[in-house]
Amino acid sequence: MKKLTTTAVVLAAGQGKRMNSAVQKQYLLIDNKPVLYYALKAFEESIIDDVVLVTGKDEIDFCQKEIIEKYGIGKVRTITAGGKERYHSVACGLSVIQWECDYVFIHDGARPFVDRDMIERAFACVQETSACVVGMPVKDTIKLADESGYVKSTPDRSMVWQIQTPQVFEKELIADAYQKLIANEDALKNANVPITDDAMVVEYFMNIPIKLVEGSYRNIKITTPEDLQLAETLVSL
């Protein structure tokens, strides 16, 4: 039986404006190591075969020397420059996968607490479903607001999940979806259709159902200074 091959596209090209820091959030330190190191290390120690790191053009050398070489991350097959928006960076990452690859894991480099069990759960699921995303059921009651800031509706909390990464897809499925997204980018902007994650791209263009896979409440995204403080606590547990 043919071994199924996997590539992780790790996104580290974001500016992190909400962090209020001169240093991009993926390079801030948790226990004296960059946020990005933890995500790369998790994939390094997992079933993933190869990693594509997508970063800013000016940070490629830094990532190579100060993270990949310094910490012995051997699965990063290539580093490529990202684009203006997150979806541009994903498209850039997908475009460089010219080797044999059955499934692609797309992960935000600012999520340092992805782990091997989470990766394996997602891999098992995508083999059955073609497309799945990691997430967790919300703990709080969610309210949908109208344009004036009043409560419009209250969805059933048991049906609401907060979505995380990695998001995992058959390689050809996600590649085709992103090709269609880039080709229709202007039309989507004119129609005010926001693209906030990879699952939306597949949902919108490929009409494929997306399976939810349990992640972890630890799998936080470093977005604000408070997140960095929480990460310092989590890494010590």
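The legends below accompany an overview and several close-up views of a predicted model.

**Figure 1. The whole protein, with its 8 helices and 11 strands.**
Let us start with the overall picture before moving in. The C-alpha atoms fill a box of roughly 50 × 45 × 35 Å along the principal axes. For 237 residues, a compact globule would have a radius of gyration near 18 Å, and the protein agrees with this because its own value is 18 Å. Buried residues account for 49% of the 237 residues. Among contacts with a separation of 6 or more, 75% are between residues 24 or more positions apart. The protein exposes about 12,400 Å², and carbon and sulfur atoms supply 48% of that area. As for charge, there are 27 positive and 34 negative side chains. The centres of these two sets lie 2 Å apart.

**Figure 2. T7 in strand β1, and the residues around it.**
Strand β1 covers residues 6-12, and T7 is found in this strand. With a relative accessible area of 0%, T7 is buried, because that value is under 20%. What does the side chain of T7 make a polar contact with? Its partner is the side chain of W99, at 3.0 Å. W99 also appears in the wider set of residues in contact with T7, once neighbours within four places in sequence are left aside. That set includes I48, D50 and V52 as well as I97, C101, Y103, V104 and F105.

**Figure 3. Helix α1, largely enclosed by the rest of the structure.**
Here the view moves to a helix made of residues 35-44. Of its 10 residues, 9 are buried, so helix α1 is largely enclosed by the rest of the structure. Which residues of α1 are buried? Going along the helix, they are V35, L36, Y37, Y38, A39, L40, A42, F43 and E44.

**Figure 4. S89 and A91, two residues of helix α3.**
Helix α3 spans residues 86-95 and holds A91; S89 has its place in α3 too. S89 is buried, with a relative accessible area of 5%. Leaving aside neighbours within four places in sequence, S89 is in contact with L11, A13, V54, G82 and G83. Is A91 buried or exposed? A91 has a relative accessibility of 19%, and it counts as buried because the cut-off is under 20%. With neighbours within four places in sequence again set aside, A91 is in contact with Y178 and I182. The view can also take in L181, which is 90 residues from A91 in sequence. The C-alpha atoms of A91 and L181 are 9.2 Å apart in space.

**Figure 5. A cis peptide bond between T165 and P166.**
This close-up is centred on a single peptide bond. The bond joining T165 and P166 is cis, with omega about 15°. Where does P166 lie? P166 is part of strand β10, which runs over residues 161-170.

**Figure 6. D31 and N192, residues other than glycine with positive phi.**
Two loops are shown side by side. D31 has a phi of about 50° although it is not a glycine. D31 sits in the loop between β2 (29-30) and β3 (33-34). At 42% relative accessibility, D31 counts as partly exposed. In the companion panel, phi of N192 is near 55°. N192 is found in the loop between α6 (185-190) and α7 (198-206). With a relative accessible area of 66%, N192 is exposed, because that value is over 50%.

**Figure 7. G215, a buried loop residue, and the residues it touches.**
The last view takes us to the loop between β11 (211-214) and α8 (225-235), where G215 is found. G215 counts as buried, at 4% relative accessibility. Which residues does G215 touch, not counting those up to four places away in sequence? They are M118, R121, V134, G135, M136 and Q164. M159 is 56 residues from G215 along the chain, and the C-alpha atoms of the pair are separated by 16 Å.

How values were computed:
Residues numbered from 1 in each chain as written. Predicted model: local features only at pLDDT ≥ 70, side-chain atom pairs only at ≥ 80, totals over all residues. Heavy atoms only, no water. Helix = DSSP H or I, 4+ residues; strand = E, 2+ residues; numbered from the N terminus. Buried < 20%, exposed > 50% of the residue type's maximum accessible area, 1.4 Å probe, protein only. Polar contact = N/O pair within 3.5 Å; in protein donor to acceptor, adjacent residues only side chain to side chain. Contact = heavy atoms within 4.5 Å. Rg over C-alpha atoms; globule rule 2.2 N^0.38 Å. Areas by Shrake-Rupley, 256 points an atom, 1.4 Å probe, with all protein chains shown as cover. Lys, Arg positive; Asp, Glu negative; His and termini not counted. Charge placed at Lys NZ, Arg CZ, Asp CG, Glu CD.
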